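Work through the exercises below with the sequence and the model at hand. Each task is followed by a solution in steps.

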Amino acid sequence: MPASLRAWYTPADFEALASRQAERIGEFSVAKMARFAEHAGAQEGKVRAKFAFSRHDAGWITLVVSLHAELSVICQRCLGPLELEITEDIEFGIVDTDVSTGLLPEGIETVVLDDDRFDPQRLVEDEMIMAVPLVPKHAPEQCVVDADSLPDGVFANSGASKAS
């Protein structure tokens with residue numbers, strides 16, 4: 001079984017983990033990720049994460065992060081509870097400076113160390129914020145509100161006569 005994630009890692013830790021092609025797993029509480037909790041409107045739940053380290057042929061360290069969460073949020077159409085499942089796999093290149101980011105191929109996200117430290121929870125929180133839909137809502141056939149009966153937008157004509 002893979003080892004669990006720590007609070008932070010240094011460049012030396014990354015070198016050692018990549019040389020062994022190590023994996024680390026852990027759970028992060030939504031309640032302890034304030035930015036994500038506010039964004040998603042969820043205060044409960046856990047995000048399961050797996051971090052897999054290796055060294056790319058070009059020499060940089062690769063980090064593949066797999067995330068899975070089941071959250072209860074509010075449907076923005078009917079305002080009822082919505083069970084939202086999020087599964088993400090993201091590949092990162094770990095670099096020591098912003099200048100090094102140009103060395104990574106297109107499609108590879110960048111992790112730049114902050115004061116020679118890396119905080120896994122911050123990365124998980126950032127990725128979860130991007131994974132949650134901006135307006136979470138049930139699929140039309142699962143929502144108690146008939147989406148076809150809603151006006152086209154906030155400023156849709158509500159039946160009041162227009163001034164000429």
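**Exercise 1.** Which side chain meets Asp126 in a salt bridge?

Solution. The model is a predicted one.
Step 1. The partner of Asp126 is Arg35, with an N to O distance of 2.6 Å.
Step 2. Asp126 belongs to helix H3 (residues 120–131) and Arg35 to helix H2 (residues 34–40); the pair links distant parts of the chain, 91 residues apart.
Step 3. Asp126 is partly exposed at 27% relative accessible area, and Arg35 is partly exposed at 36%.
Step 4. Arg35 and Asp126 also belong to a network of salt bridges that includes Glu125.

**Exercise 2.** Find the salt-bridge partner of Arg55 and place both residues in the secondary structure.

Solution.
Step 1. Arg55 pairs with Glu15 at 2.2 Å, N to O.
Step 2. Strand S3 (residues 46–55) holds Arg55 and helix H1 (residues 11–19) holds Glu15, so the salt bridge ties together parts 40 residues apart in sequence.
Step 3. Arg55 has a relative accessible area of 36% and Glu15 one of 42%. Partly exposed covers values between 20% and 50%, so Arg55 and Glu15 both get that label.

**Exercise 3.** Test whether Glu23 and Lys50 satisfy the distance cut-off for a salt bridge.

Solution.
Step 1. The closest N and O atoms of Glu23 and Lys50 are 3.7 Å apart.
Step 2. The cut-off is within 4 Å, so the pair counts as a salt bridge.
Step 3. Glu23 lies in strand S2 (residues 23–29) and Lys50 in strand S3, so parts 27 residues apart in sequence are tied together.
Step 4. Glu23 is partly exposed, at 32%; Lys50 is partly exposed, at 32%.

Technical notes: Residues numbered from 1 in each chain as written. Predicted model: local features only at pLDDT ≥ 70, side-chain atom pairs only at ≥ 80, totals over all residues. Heavy atoms only, no water. Helix = DSSP H or I, 4+ residues; strand = E, 2+ residues; numbered from the N terminus. Buried < 20%, exposed > 50% of the residue type's maximum accessible area, 1.4 Å probe, protein only.
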